[in-house]
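Thanks for coming. I have one structure to go through today, and I will put it on the screen now.

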Amino acid sequence: MAINFAIWVATWIILEFEFGTNWANYSWFVWDIFWAPLAIEWIMAFFLESVMMAVMFWGWWKLSKKAHLRVTWLTAIWTNLSAIWILSANAWMQNPVWMAFNPDLMRNEMVNFWEVIFSPIAMNKFLHVVSTSYMYAAAFIIMVSSYYLLKGREKDFAKKSIIVASTFGLLASIIAWTTWDIHAKEIAKHQPMKLAAMEALYDWGNWVALKTWIPGIEIPKALSFLAFSNFDAFVPWINDILYKWYTDYNGDYQRPFTERIAPWKVAIKALYDYKQAVNKFEETGDFIYKKIAQTKLSLYKQNEKDFWFGYFSEDKMEEFIPNVPMMFWTFRIMVWVWTILPFLFLLILIFTYLDKIENKKWLLWIWLSTFFLAFLWQELGWVVAELGRQPWTVYNMLPTKVSTSHTDVWAVQLTFFLFVAIFTALIIAEFKIMISAIKEGPKIDEK
């Protein structure tokens, strides 16, 4: 835990600085919203979490057992709570709500802090990410315990660890499955393009079938039910979203993206005229300019929702589409791994509880590699979440291509390869230290 915490701090600090160095436009645009939860996360992570972590490690011989146990629980609680803030910020980027655009500062401002932090999407994302992390942690403990059993070492310790970890992982997998179902329904409602890319749905179709692993085999109406709990629900396809109108889950009319590109010119011009009129009013004090500013601001607000679509062209509508093949197969591999993990948790729990696990070497060998499957599964989930919202940094609001800093190409390339070198050195050092610690073991003398 200490090894991973040290690596986390080193990489986390760099990541935080990258918001300003690489994503200056994004940082300015969402400063009032994105940085509020991150500031709280800094306080929790750097102060509360770090202090509790230090007391937990170096207070082992100085605190009473009860006091040390309380500190250990506080460390776990603060670590989990710190995840709420960064995940609520990410949830807002996926579904930007509870904010208002300030035309004078050219950025969004938060309207309701608590609604942003504790929105249903944010809370479900928190439960989903934390539960998947629990599964990952459980898989790691089982992997190390399996290694000990295969080596004939620390048998009682390893068996107890497997029982605790497999039980914990099995319960976490149930939460993960439940939260993913809720999350998928939120995607269907708020990010229809992401869902269409995940299922490779290009042309119009109603009562959509779910595509399986086997080409040509589909489950009729399954996707409609999974997305909206209604076998007859309409699920928009990629071409529906780009070129055709459709009625969404609320019965509201949704214009195609092709109709949302043109109004941006009106919005851009209105915002520019508004700024000019404000400057003139400040210079001259003539209230005619104030009235002009109000008129232009009203015109801008009428077309505000389409403002950022102006960075795209009707000749390149494919820019609105995420990488469909990668989304399609990444999602399916993730689901496949996700399906077998709970089964493996249950299997090793049963054999360990019956005290037959030492004779099931094939299962122990499977668990040595299952940890890497758990890692792959968790990373693929983030690929689906982040790749699927492209080409937007803030969904349907701020395009990725205008979110970056005005940085020279050579500077980006230089820092990229420097980070590659630094992170490669860090991961090699981490693996060596972790493997050494695992080989050394808990130093338990068993009779």
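Which residues is Arg389 in contact with, leaving aside its neighbours within four places in sequence? Keep that in mind while I say what kind of model this is. It is a predicted model, and every value I quote is computed from it.

Back to the arginine. Leaving out neighbours within four places in sequence, Arg389 is in contact with Asn90, Met93, Gln94, Gln191, Lys194 and Tyr395. Arg389 itself sits in a loop, the one between helix 15, residues 361–387, and strand 7, residues 392–394. Is this arginine buried or exposed? Arg389 is buried, because its relative accessibility is 7% and the cut-off for buried is under 20%. Its side chain also has a polar contact of 2.8 Å with the side chain of Glu386.

Now the overall picture. The protein has 447 residues, and 43% of them count as buried. Its secondary structure comes to 16 helices and eight strands. The C-alpha trace spans about 90 × 55 × 40 Å along its principal axes. If you take the contacts between residues at least 6 apart in sequence, 72% join residues at least 24 apart.

Next, the empty space. Rolling a probe the size of a water molecule over the atoms shows where empty space is left. I will take one pocket and one cavity.

The pocket is the second largest, with a volume of about 1100 Å³. It is lined by 37 residues, and those closest to its centre are Gln254, Arg260, Lys305, Tyr395 and Asn396. You have met Tyr395 already, as one of the contacts of Arg389. Which elements each supply at least two residues of this lining? They are strand 1 (99–102), helix 7 (155–190), helix 8 (192–198), strand 6 (253–254) and helix 13 (287–302). By class, the lining has 22 nonpolar, seven polar and eight charged residues.

Two of those elements deserve a further word. Strand 1 runs antiparallel to strand 2, residues 107–110, and four bridges join them. Within this pair, Ala100 stands opposite Glu109 of strand 2. The two strands form a hairpin with four residues between them, and Met106 there takes a positive phi near 60 degrees.

The other element is helix 13, which holds Lys291. Lys291 has a relative accessible area of 57%, so it is exposed; the cut-off is over 50%. From Lys291 to Val278 the C-alpha distance is 9.5 Å, with their positions 13 residues apart in sequence.

On to the cavities. How many of 30 Å³ or more does the structure hold? There are three. The largest cavity has a volume of about 240 Å³. Of the 16 residues lining the largest cavity, His128, Val129, Gly381, Trp382 and Ala385 are the closest to its centre. Helix 6 (120–151), helix 7, helix 14 (324–353) and helix 15 each give two or more residues to that lining. Helix 15 gives the most, with six residues. By class, the lining of the largest cavity has nine nonpolar, five polar and two charged residues.

I will finish with two residues from those helices.

The first is Tyr134, in helix 6. Tyr134 counts as partly exposed, because its relative accessibility is 30%, and that class covers the range between the buried and exposed cut-offs. Apart from neighbours within four places in sequence, Tyr134 is in contact with Asn80, Phe168 and Ala172. Tyr134 and Phe168 are 34 residues apart along the chain, and their C-alpha atoms are separated by 7.5 Å.

The second is Ser173, in helix 7. Where does the side chain of Ser173 reach? It reaches the backbone oxygen of Leu170, at 2.5 Å. With a relative accessible area of 1%, Ser173 is buried. Not counting residues up to four places away in sequence, Ser173 touches Met135, Trp338 and Pro342.

To go back to where we started: Arg389 is a buried residue in a loop, and its side chain is joined to that of Glu386 by a polar contact. That is what I have; questions are welcome.

Note on methods:
Residues numbered from 1 in each chain as written. Predicted model: local features only at pLDDT ≥ 70, side-chain atom pairs only at ≥ 80, totals over all residues. Heavy atoms only, no water. Buried < 20%, exposed > 50% of the residue type's maximum accessible area, 1.4 Å probe, protein only. Polar contact = N/O pair within 3.5 Å; in protein donor to acceptor, adjacent residues only side chain to side chain. Contact = heavy atoms within 4.5 Å. 1 Å grid on protein atoms, 1.4 Å probe; cavity = no way out; pocket = protein on both sides within 12 Å on 5 of 7 lines; lining within 4 Å. Points joined across faces, edges and corners; volume = space filled by probe spheres on them. Nonpolar A, V, L, I, M, F, W, Y, C, P; charged D, E, K, R; others polar. Pairing = 2+ DSSP bridges.
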